[in-house]
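Biologist: Before the terms are used, I should like to see how each of them is justified. Could we take the structure and go through the reasoning step by step?

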Amino acid sequence: MSDVIVEVSGLRKAFGTLEVLKGIDMSVRRGEVVCIIGPSGSGKSTLLRCVNLLEEPNAGTVVVNGFEMTDPDVDIDRARRGIGMVFQAFNLFGHLSVLENLTVAQRKVLKRDRDEAERIAMRNLEKVGLAEKAGSMPAQLSGGQQQRAAIARALAMDPAVMLFDEPTSALDPELVGDVLTVMRQLAEEGMTMLVVTHEMQFAREVADKVLFMDGGVVVEEGQAAQVIGEPRHERTRSFLARVLNPVHAGE
Amino acid sequence: MAMSRRKRAQVIRGVQYAVLVLAILLVVLLADWQTIGSQFFNLEAARTQIPEVITTALVNTAVYTALGFAVGFGLGLVFALMKLSSVGPYRWIATAYIEFFRGIPALLVFIALGFGVPLAFNLKFDVYSTAAIALGLVGSAYIAETLRAGIQAVPKGQIEAARSLGMSAARTNVTVVIPQAFRIILPPLTNELILLTKDSSLIYLLGLFRDDFELAKFGREGLNATNSMTPILLAGLCYLLITVPLGHLSRYLEGRTGRKSERGLKVTA
């Protein structure tokens, strides 16, 4: 199997007349952590959602884990099994307990039997520190706990790559750390990750590669320390100045 | 004129109580209490109604309503799905159907089904079939809209989460959308059941045998026989016996689901 897990080329996406992605080329290699940063409206979430085809691109190709997602004849459900997705709003199934949230797709999609699905679910809940919440309903959990449960739900499917769409943006500041810790641990275990985030500290310390997007294009990409520490482009510099030092951004 | 907030609140409350007392006084003074007593609370007339008002009339009302609701739910689900379909003609047909049956009085549906359709198609329906179909047609238009709204009220993120886990569109509907939509629609669906309970009184148009009488018809027959309003009051109370518990059930479910989503929102906010 190829060493490149995600390969995006010439990707274009428009909503009506609004061009959100204007030709994106990027790739993620096995075991790599790639962070996408950029101002809101830059198209970074749309790019992520094109990777598992939650948004249908207008042009270009996306190949993930050997599946050409943009091929109209691809078995999209099968392809998505290998792609874990974590959303900004968690999106746990509100009518199911935490444990059921983790087992439902294992059983209905991967056809694992109940015992196996529950064993795998519990292993992943332990990993994110939520084993004792298995019987709770999502609404009984804090935002940070919900997001960690959502990560565990995606992991229970044994994905080849995990997509994170601003996973900490909806959290109270004091809950962000728990989620980032879980993500950092995942990265250390060698999980392939594509992360849209505003957490510069996380990107700098965990990412192998950082992409800065603005206006639907990748403005700058490179090693995390370089893009965040010594950005080459003026747009990257001014964005980072605003994000890293919001109080003095107007000066 | 400067009035303190407390003073103003006192005046407003005082006026409201005064109006209430006045209205009660008016009713008490104007009503003919003797006639009301003999007309509405005539024990002898009441005795002629028992036990059939329960064993026949109440049971028939419940059965007609249940049959109508079952048909209405089935048809409603079909038209709700048609209205959500990506196939244009399905949506148009569903829209036309819903507009039609939501817009015409239930009375006309009963007449058409009781007399028009049997003539036109040379069919003969028994009372139960007519009740089931007529009430079903009337109810289905509202139920279809309720179901559609409920399905659409399930947050898009739930569907995206299911699809991103590799569930097919159909599997997502069965496992994620419909169970959550069901919670949302339970309260409005209960209200629809209450409306159908009352609409079931229109079945009298078909010309019923005594065993087929439902509450309203039974009450009116009682009125004719006893020359007293008591049977009507009794029939009314029997309706309340069905509808009030249903209303409480609806509010209970509403409160429960409301609390749940509120809590969910607070956490995601």
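**From values to terms**

Modeller: According to the UniProt annotation, from an unreviewed entry, residues 6-240 of chain A carry the label "domain: ABC transporter". The model discussed here is predicted. Within that span the helix share is 37% and the strand share 26%, and the end C-alpha atoms lie 26 Å apart.

Biologist: Why is the contact between A:R112 and A:D158 called a salt bridge?

Modeller: The criterion is a side-chain nitrogen of Lys or Arg within 4 Å of a carboxyl oxygen of Asp or Glu. For A:R112 and A:D158 the N to O distance is 2.6 Å, so the pair meets the definition of a salt bridge. The pair links distant parts of chain A, 46 residues apart: A:R112 sits in the loop between α3 (98-108) and α4 (114-127), and A:D158 in the loop between α5 (143-155) and β7 (161-165).

Biologist: Is A:R112 buried or exposed, and on what value does that rest?

Modeller: The relative accessibility of A:R112 is 14%. Buried means under 20%, so A:R112 counts as buried. A:D158 has a relative accessible area of 46% and is partly exposed, because that term covers values between 20% and 50%.

Biologist: What makes A:R114 and A:E118 a salt bridge, and how are they placed in helix α4 of chain A?

Modeller: Their side chains meet at 3.5 Å, N to O, and the limit is 4 Å, so the term salt bridge applies. The two residues are four apart in helix α4 of chain A, which means that about one helical turn separates A:R114 from A:E118. A:R114, at 47% relative accessibility, counts as partly exposed, and A:E118, at 27%, is also classed as partly exposed.

Biologist: Which helix of chain B holds B:K217 and B:E221, and how do you know that they form a salt bridge?

Modeller: Both lie in helix α10 (residues 215-226) of chain B, four residues apart and thus separated by about one helical turn. The N to O distance is 3.2 Å, and since the cut-off is 4 Å, the pair qualifies. B:K217 is buried at 16% relative accessibility, whereas B:E221, with 27%, is partly exposed. Elsewhere, salt bridges that share partners join B:K83, B:E99, B:R102, B:E145 and B:R148 into one network.

Biologist: How many salt bridges are there over all chains?

Modeller: The search of the whole structure finds 20.

Biologist: Why are α3(A) and α5(A) called roughly parallel?

Modeller: These helices pack at an angle of about 25°, with their axes 8 Å apart. Angles under 35 degrees count as roughly parallel, and α3(A) and α5(A) therefore receive that description. Their crossing is right-handed. In the contact, A:V98, A:N101 and A:L102 of α3(A) meet A:A149, A:A152 and A:R153 of α5(A).

Biologist: What makes B:T175 a buried residue, and which residues does B:T175 touch?

Modeller: Its relative accessibility is 11%, and because the limit is 20%, the term buried applies. B:T175 is placed in helix α9 (residues 169-199) of chain B. Not counting residues up to four places away in sequence, B:T175 touches A:H95, A:V104 and B:M167.

Biologist: How is B:L81 classed by its accessibility?

Modeller: B:L81, in helix α4 (residues 52-83) of chain B, has 48% relative accessibility and counts as partly exposed, because exposed requires over 50%. From B:L81 to B:R91 there are 10 residues in sequence and 8.8 Å in space, C-alpha to C-alpha.

Key. Residues are numbered from 1 along each chain as its sequence is written. Chains are lettered from A and ligands numbered from 1 in the order in which they are written. This is a predicted model: local features need pLDDT of at least 70, side-chain atom pairs count only at pLDDT 80 or more; totals for chains, interfaces and linings use all residues. Side-chain values use heavy atoms; hydrogens and water are left out. Buried means under 20% relative accessible area, exposed over 50%, partly exposed in between (1.4 Å probe, protein chains only). Contact means heavy atoms within 4.5 Å. UniProt positions are given in the numbering used here, feature names are shortened, and annotations may be inferred rather than shown by experiment. Axes are lines fitted to C-alpha atoms, for helices over the stretch in contact, and angles run from 0 to 180 degrees between N-to-C directions. Angles under 35 degrees count as roughly parallel, over 145 as roughly antiparallel, 65 to 115 as roughly perpendicular and the rest as oblique. A crossing is left-handed if the near helix is turned anticlockwise from the far one by less than a right angle, and right-handed if clockwise.
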